[in-house]
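The exercises below are meant for a reader who meets this structure for the first time. Each one sets a task and then works through it step by step.

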Amino acid sequence: MSGPVKVDFAPLAAPKGANFVVFVGADLKIPERVAELAPAAPGLLAGAAKTARFAGKALTALDILSPAELDSPRLLVVGVGEAKEAKETDFAKLGGLVMGKLGGAKEAVVAFAAPEGEWSAAAAADFLLGLRLRAYRFDKYKTKKKDDEENGESAGKVTIGVADVAAARRAARDREAVAEGVELARTLVNEPPNVLFPEEFAKRAAALEKLGVEVEALDEKAMAKLGMGALLGVGQGSNKESRLVVMRWQGAKSAKAKPIAFVGKGVCFDTGGISIKPAAGMEDMKGDMAGAACVVGLMHALARRKARVNAIGAIGLVENMPGGDAIRPGDILKSMSGQTIEVINTDAEGRLVLADALWYVQDKYKPAFMIDLATLTGAILVALGHERAGLFANNDELADRLVEAGKATGEKIWRMPLDPAYDKLIDSKFADVKNTGGRNAGSITAAQFLQRFVNNTPWAHLDIAGTGMGSPQNEINRSWASGWGVRLLDRLVADHYET
Ligand code: BES
Ligand code: MN
Ligand code: ZN
């Protein structure tokens with residue numbers, strides 16, 4: 001079977017015909033309570049470890065197939081190295097590694113017992129998160145499925161044996177909410193641009209209503225009335241209508257508590273417009289809405305786990321196309337803030353969309369802070385590659401908390417500078433500001449541009465052009481779209497903003 005894997009917790013038990021997964025440290029000693037369930041296991045491991053040069057190092061595995069005297073088609077021995085030092089991210093990675101090794105196995109029983117001491121319920125929950133995220137597939141458009149490990153099937157059913165089932169289930173509830181949020185974000189980014197255009201994207205966001213999220217979509221008429229000339233300018237070359245969708249989750253004790261806000265760039269396809277992009281790799285620009293996808297995934301996670309916070313998610317949805325009505329280099333647009341913008345390059349469209357979305361959110365909701373996510377510049381790829389997102393912030397506390405959440409989740413970020421000295425690069429001859437600042441400091445001038453539309457609200461900008469799509473495949477992600485940012489921001493909220 002393909003598709004989402006079924007995972008549940010149960011008391012530690014013998015494999016009874018299922019694939020069996022056990023953990024060992026560098027001493028290669030199978031925990032006693034596991035050896036009692038599978039008395040043949042220590043001997044099997046001792047026999048195979050030397051030949052396979054398996055030393056129990058963290059995130060390595062020894063796969064013993066058709067083990068004699070064990071009621072199981074496979075004994076998968078997973079190394080955890082120095083178990084005492086294993087942190088949160090390691091358990092998610094461990095889950096991902098195990099799911100990868102299980103491949104298309106129908107059924108697996110995991111003996112989630114530490115080689116030393118006890119693993120916590122939170123560790124079990126992270127392990128489950130890793131299993132789930134590794135099992136994610138986006139193959140709905142393949143009419144013939146391959147059955148190799150990476151493109152084909154994922155395990156059907158995994159039972160995680162733990163000491164305290166109730167505690168593990170409780171801890172896992174929140175992680176499952178996050179897993180769903182990441183999966184949703186990945187799917188939105190992976191969807192082709194002929195399917196996921198602005199109105200369809202808005203519909204998928206509206207599906208959050210069944211979780212208790214209020215969803216409102218502004219159409220072009222409503223946005224014109226508000227004066228959103230920058231966002232509408234980007235969409236005007238496309239036959240598809242633009243949308244601004246606002247999602248509201250009211251989870252705080254007081255409905256009046258100041259909300260926190262997340263704003264996403266949702267360019268459903270970025271051709272570059274009249275300043276058209278080269279053909280090579282242009283198909284990747286279906287992912288130019290990864291910021292918006294993250295915001296939807298995050299709102300899903302927050303609502304699903306009933307986070308005790310009031311949160312706004314706003315996404316600017318447009319398609320950037322060349323056409324008879326498209327904006328031209330030289331055009332001057334009037335933004336909702338009143339500031340005029342000279343378009344130098346129609347491919348610098350994300351900042352135009354965010355200019356109106358950010359202004360609208362601070363104006364209407366007066367949030368405690370705003371965090372925007374955007375696949376904004378190729379320059380951030382030059383600076384940081386696919387490993388880290390660029391962070392820009394006008395508030396040190398918010399920036400520091402984001403960096404910490406990045407370390408905790410493994411969704412790493414690196415703070416870049418904001419500095420008025422860069423403003424001269426985006427001064428315009430004819431308008432208040434121009435939309436590009438030339439080749440140098442491209443990610444910084446983009447952030448300086450955005451800052452003009454946040455009106456002193458505490459704000460952070462995450463440039464996710466490198467991390468949102470095409471990022472390196474790792475233990476917990478085999479998908480082109482990583483769903484980057486959902487885990488990071490959920491963690492930020494959980495650690496600092498719940499009442
Ligand atoms: N969506 C792109 C940025 C991008 C590039 C995202 C590569 C993901 C991968 C953005 O709209 C864009 O085209 N930016 C231009 C800005 C330039 C014209 C100032 C860029 O980075 O080249
Ligand atoms: Mn562009
Ligand atoms: Zn773009």
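**Exercise 1.** Decide what arrangement the donor atoms form around the zinc ion (ligand 3) in this predicted model, and identify the protein residues that supply donors.

*Solution.* Begin with the angles: the 6 donor atoms around the zinc ion (ligand 3) subtend angles of 78 to 176°, and therefore the arrangement counts as octahedral. Next, list the protein donors, which are K265 (NZ), D270 (OD), D288 (OD) and E349 (OE), lying 2.0 to 2.4 Å from the zinc ion (ligand 3). Along the chain these donors follow the spacing K-x4-D-x17-D-x60-E. Finally, place one pair of them: D288 belongs to the loop between β9 and α9 (290-304), whereas E349 belongs to the loop between β12 and α10, 61 residues apart, so that the pair links distant parts of the chain. Both D288 and E349 are buried.

**Exercise 2.** Work out how the donor atoms are arranged around the manganese ion (ligand 2), and find the residue that bridges this ion and the zinc ion (ligand 3).

*Solution.* The coordinating atoms come from D270 (OD), D347 (O), D347 (OD) and E349 (OE), at 2.0 to 2.2 Å. The 6 donor atoms around the manganese ion (ligand 2) subtend angles of 71 to 166°, and the arrangement is therefore irregular. The bridging residue is D270, and the two ions that it joins lie 3.1 Å apart. D270 sits in strand β9 (residues 260-270), 79 residues away from E349.

**Exercise 3.** Describe the surroundings of ligand 1, giving the closest residues and the share of its area that the protein buries.

*Solution.* Ligand 1 is surrounded by 17 residues, the closest being K277, D288, D347, E349 and G378. Then turn to the polar atoms: a polar side-chain atom of D288 lies 2.8 Å from a nitrogen atom of ligand 1, while an N or O atom in the side chain of D347 is 2.8 Å from an oxygen atom of the ligand. A polar backbone atom of L376 is 3.4 Å from a nitrogen atom of ligand 1. As a last step, consider the area: taken alone, ligand 1 exposes 520 Å², of which the protein buries 78%.

**Exercise 4.** Is T377 buried or exposed, and which residues does T377 touch?

*Solution.* T377 lies in the loop between β13 (370-374) and α11 (378-384). Its relative accessible area is 6%, and because buried means under 20%, T377 is classed as buried. Leaving aside residues up to four places away in sequence, T377 touches R351, G442, S443, A446, D463 and A465. With S443 there is a polar contact between the two side chains, at 2.7 Å.

Conventions. Residues numbered from 1 in each chain as written. Chains lettered and ligands numbered in written order. Predicted model: local features only at pLDDT ≥ 70, side-chain atom pairs only at ≥ 80, totals over all residues. Heavy atoms only, no water. Helix = DSSP H or I, 4+ residues; strand = E, 2+ residues; numbered from the N terminus. Buried < 20%, exposed > 50% of the residue type's maximum accessible area, 1.4 Å probe, protein only. Polar contact = N/O pair within 3.5 Å; in protein donor to acceptor, adjacent residues only side chain to side chain. Contact = heavy atoms within 4.5 Å. Donors = N, O, S within 2.8 Å, 3.2 Å for Na, K, Ca; no water. Tetrahedral: all angles 85-135°; square planar, octahedral: opposite > 155°, others 65-115°. Near = heavy atom within 4 Å. Areas by Shrake-Rupley, 256 points an atom, 1.4 Å probe, with all protein chains shown as cover.
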